[in-house]
Each structure stands twice: as structure tokens, then as C-alpha cells.
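The exercises that follow are meant to be worked through with the model open beside the text. Each begins with a task and then goes through a solution step by step.

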Amino acid sequence: MTKRRSLSDRFKATVALEALRGDRTAQEIAGKHKVHPTQVTTWKRQAIDGLTGVFSDKVRRAEGNEAEVKELHAKIGKLAVENGTGAYAAR
């Protein structure tokens, strides 16, 4: 019995991008990379489905950053008051 190959994510992404370009058939791409044509089609579909996550993830990260920025501003204000360097401390 043969052992199953473990393919890297980078390899799968490369194959999926070739399939997304559309200049070759799944059979041609599969032959070039020595995988089954069904696998090429599956990776292509997964790439398309995953694209929405790429853009929505940035929105989630930005929202998380806003909360972090507010927290850091509060810490800066607290430290400024403790050190006597606040905007109103010198007046």
C-alpha cells in the first residue's frame, strides 16, 4: 500500500491560482503538478470561497484595533496624570 502525499498550503494555493487564471484546463494543470483534476477543481472552489474571508478579516482587525487604540489612549492619559505631565498639570 502506498503512503498518501501531504501537500503544502503554498502548493495548493499555487495550483488554485493557476486554475483561477483560466488559461489552462484543470486536466492540463493536474498533469503539470501530478495531481488529480478533481483536486484542482476542489482547490479552485476553496480559493473562491475563501476570498470573502480575506476582505472581511481586515474589517474585523480594524474594529479590534479601534478598541486597542482607545485602551492605549486611556493608559497614556493615566500615566501622564501620574507623572504630572498632563495637559493641565503645568498650568
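**Exercise 1: Aromatic rings**

A search of the whole structure, which is a predicted model, finds 1 aromatic pair. Describe the geometry of this pair and state which parts of the chain the pair ties together.

*Solution.* A pair of aromatic rings is described by the distance of the centres and the angle of the planes. The rings here belong to Phe-11 and Trp-43, with 6.1 Å centre to centre and 85 degrees between the planes. Planes over 60 degrees apart count as edge-to-face, so the pair of Phe-11 and Trp-43 is edge-to-face. As the next step, locate the two partners: Phe-11 lies in helix H1 and Trp-43 in helix H3 (residues 37-83), so the pair ties together parts that are 32 residues apart in sequence. Finally, compare their accessibility with the cut-off for burial, which is under 20% relative accessible area: Trp-43, at 6%, counts as buried, whereas Phe-11, at 24%, is partly exposed.

**Exercise 2: The nonpolar core**

Which residues make up the largest nonpolar core, and which helix supplies the largest share of this core?

*Solution.* The largest nonpolar core has 8 residues, namely Val-15, Ala-16, Ala-19, Ile-29, Ala-30, Val-35, Val-40 and Trp-43. Assigning these residues to helices shows that H1, helix H2 (26-33) and H3 each supply at least two of them, and that the largest share, 3 residues, comes from H1. To follow the core from one of its members, take Ile-29, which, leaving aside residues up to four places away in sequence, touches Val-15, Glu-18, Ala-19, Arg-24 and Val-40.

**Exercise 3: Two helices and a buried glutamate**

How are H1 and H2 oriented to each other, and is Glu-18 buried or exposed?

*Solution.* Begin with the axes of H1 and H2, which come within 10 Å and cross at roughly 150 degrees. Because angles over 145 degrees count as roughly antiparallel, H1 and H2 are roughly antiparallel to each other, and their crossing is right-handed. The contact is made by Phe-11, Val-15, Glu-18 and Ala-19 on the H1 side and by Ile-29, Lys-32 and His-33 on the H2 side.

Next, consider Glu-18, which is found in helix H1 (residues 9-21). With a relative accessible area of 8%, Glu-18 falls under the 20% cut-off and is therefore buried. Its contacts, not counting residues up to four places away in sequence, are with Asp-23, Arg-24, Ile-29, Lys-32 and His-33.

Terms used. Residues are numbered from 1 along each chain as its sequence is written. This is a predicted model: local features need pLDDT of at least 70, side-chain atom pairs count only at pLDDT 80 or more; totals for chains, interfaces and linings use all residues. Side-chain values use heavy atoms; hydrogens and water are left out. Helices (H or I, at least four residues) and strands (E, at least two) are DSSP runs, numbered from the N terminus. Buried means under 20% relative accessible area, exposed over 50%, partly exposed in between (1.4 Å probe, protein chains only). Contact means heavy atoms within 4.5 Å. Rings of Phe, Tyr and Trp (its six-membered ring) pair if their centres lie within 6.5 Å; planes under 30 degrees apart count as stacked, over 60 as edge-to-face and the rest as tilted. A nonpolar core is a set of buried Ala, Val, Leu, Ile, Met, Phe, Trp, Tyr and Cys residues joined through side-chain atoms within 4.5 Å. Axes are lines fitted to C-alpha atoms, for helices over the stretch in contact, and angles run from 0 to 180 degrees between N-to-C directions. Angles under 35 degrees count as roughly parallel, over 145 as roughly antiparallel, 65 to 115 as roughly perpendicular and the rest as oblique. A crossing is left-handed if the near helix is turned anticlockwise from the far one by less than a right angle, and right-handed if clockwise.
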